Amino acid sequence: MMNTLKTVLFLSAAAMVGGVLIMVVATYADSPAVEAAALGERKAVLPAADYLPVIPDTLWQAFDSARCFRGLVFRVSPKGYKGAIPILAGVDTAGLVTGVVINPVMLHETPGLGGKVATRIFLDRLIGKPAAELKLVKDGGTIDAISGATISSRAVVAGIRAGFERFVARMIRCDERSAVMPGTWNMTELIPDTLWLCHLGPDTGGIVFKGFTMGYLDTITFMAGVDRQGWITGVTVLSSHETEGIGELIREQEFLDRFRDTIPDAISGATMTSRPFIKAVYSYRERFRTYWSR
Amino acid sequence: MNQGYPASIPARWTPFWLVVLGASPVIAVATDLIQGAVLGASGAVVLILAGLVTRLARRSLPTGALVPFVMITAVVLISIIGVLIQALDPDLRRGLGIYLPLQAVSCLVMALAVEPEIKNENGPRIRVLVFPAVQYAALVCALGLVREAFGHGTILGWPLFGAGFQGSPVLFLSQAPGGFMALGLGAGLYRLVRQRHRA
């Protein structure tokens, strides 16, 4: 009896220590590398600076470093000859395929035949083609199937086409407004050419406004986005005629990015330009408070 | 404690059937060299470490707790390796699926081979602890190599029979049951060679 109890206690203790060990390792070894690898895959199909997840692990909106919309990256798993084919595809703003990756480890197609859909030989045939019109030559399209693997080839081509049709509504018009309010695909104009209401989701979104102020030499026109919490999501200068190399520094992305974290300091040497500009951005934000805080 | 395990116990090869039995949980996915190597290496590391840990803890082990303790140690170690592989190469981890943690079963079977050494009071012989693990790794690795070469016609993804070669030389070898067939064929071949050798 005593021995049984001893055994039970000993093994429980051992299991508990083991559990803690696993937890410790998992905490340190987890997400960053996984996220980095997944990010690398997205970069391979559509190079961009930032990927905004729209549907977790399924759909991303890609933005370049100027926070301008570049296209969609999506994951689809159409049924192939033997199982689901795991596809990650990128489509640019014109609807052209920018890249496709199929993870060979997850692929169950016949090796050497259907399995070849995961190779560059096949996938490179899709690049630059309009995603909405992807079809095999046999089906009246332009893509050559892998000989002897029509079913697998068709599954890939049709899968990307179906994914594009499903997600095309998430394309964003690329202009200054989406640059200052990333992730927006739907805007309502509240004041003509001045104020727009952005819908991102039920709880997110905000406003985008156009404003102007007097700089050192001339008028500066700018556009800025403010989210529901009052944070500035982005600022861009539409027009300015300040001193080259001094006042014009307000157009630097590095300076404009500072608005997202805090109230930026005036640029030293260009105080006469940057101070009224910074002041104007915040006074416009206050002016439109009723729109973003409701 | 010491009876039945004299110091002179020979460090001989673990019986082939035991290694095959140990490897059987992972045979389904060892379809190419990389997967075979990862499975074999992780299994071997876990087996060796579990043996060492159990050996260190042998004095405090209650009677009859040795095998469950080996199992717990193996499960913990293989989970940690799983987490690490997931962090380094998520695709590989997804490809290995359930079969990586399933190696705990392999370790349990293979623990039969190292059990005497764990209890050996005349000092540990690392060789005896390591031998079965190396055999296990070699078998799974070789299986992956053979199945990739003849099932897919490639080695590490490089075509073996020229770029123009289409299809698979021996298709069933690349499928899950093909692992057992490859093992059976290998065992048969081994027997044949040995018989010839003796005659």
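## Strand β4 and the salt bridges of chain A

In this predicted model, strand β4 (residues 87-92) of chain A is largely enclosed by the rest of the structure, because 6 of the 6 residues of the strand are buried. The burial applies to both faces of β4(A): I87(A), A89(A) and V91(A) are buried on one side, and L88(A), G90(A) and D92(A) are buried on the other.

The pairing of β4(A) can be followed on either hand. Strand β3 (residues 69-76) of chain A runs antiparallel to β4(A) and is joined to it by 6 bridges, and within this pairing R75(A) has L88(A) as its bridge partner in β4(A). Strand β5 (residues 97-102) of chain A is likewise antiparallel to β4(A), with 5 bridges between the two strands, and here G90(A) finds its bridge partner in G99(A) of β5(A). The strands β4(A) and β5(A) form a hairpin with 4 residues between them, and G95(A), which lies in the turn, has a positive phi of about 85°.

R75(A), the bridge partner of L88(A), also takes part in a network of salt bridges that links it with E41(A) and D57(A). Side chains of opposite charge can pair when their charged atoms come close. Over all chains, the structure holds 9 salt bridges, and the table gives three pairs among them.

| Salt bridge | N to O distance | Relative accessible area |
|---|---|---|
| K210(A) with D193(A) | 3.1 Å | K210(A) 24%; D193(A) 46% |
| R251(A) with E248(A) | 3.3 Å | R251(A) 37%; E248(A) 14% |
| E286(A) with R285(A) | 3.5 Å | E286(A) 35% |

What does the salt bridge between K210(A) and D193(A) tie together? K210(A) lies in strand β8 (residues 205-214) of chain A, whereas D193(A) lies in the loop between β6 (187-191) and β7 (195-199) of chain A, so the pair ties together parts that are 17 residues apart in sequence. K210(A) is partly exposed at 24% relative accessibility, and D193(A), with a relative accessible area of 46%, is also partly exposed.

In the salt bridge between R251(A) and E248(A), R251(A) is partly exposed, with a relative accessible area of 37%, whereas E248(A) counts as buried at 14%, because buried means under 20% relative accessible area. In the salt bridge that E286(A) forms with R285(A), E286(A) is partly exposed, its relative accessible area being 35%.

Methods
Residues are numbered from 1 along each chain as its sequence is written. Chains are lettered from A and ligands numbered from 1 in the order in which they are written. This is a predicted model: local features need pLDDT of at least 70, side-chain atom pairs count only at pLDDT 80 or more; totals for chains, interfaces and linings use all residues. Side-chain values use heavy atoms; hydrogens and water are left out. A salt bridge is a side-chain nitrogen of Lys or Arg within 4 Å of a carboxyl oxygen of Asp or Glu. Buried means under 20% relative accessible area, exposed over 50%, partly exposed in between (1.4 Å probe, protein chains only). Two strands pair if DSSP finds at least two bridges between them.
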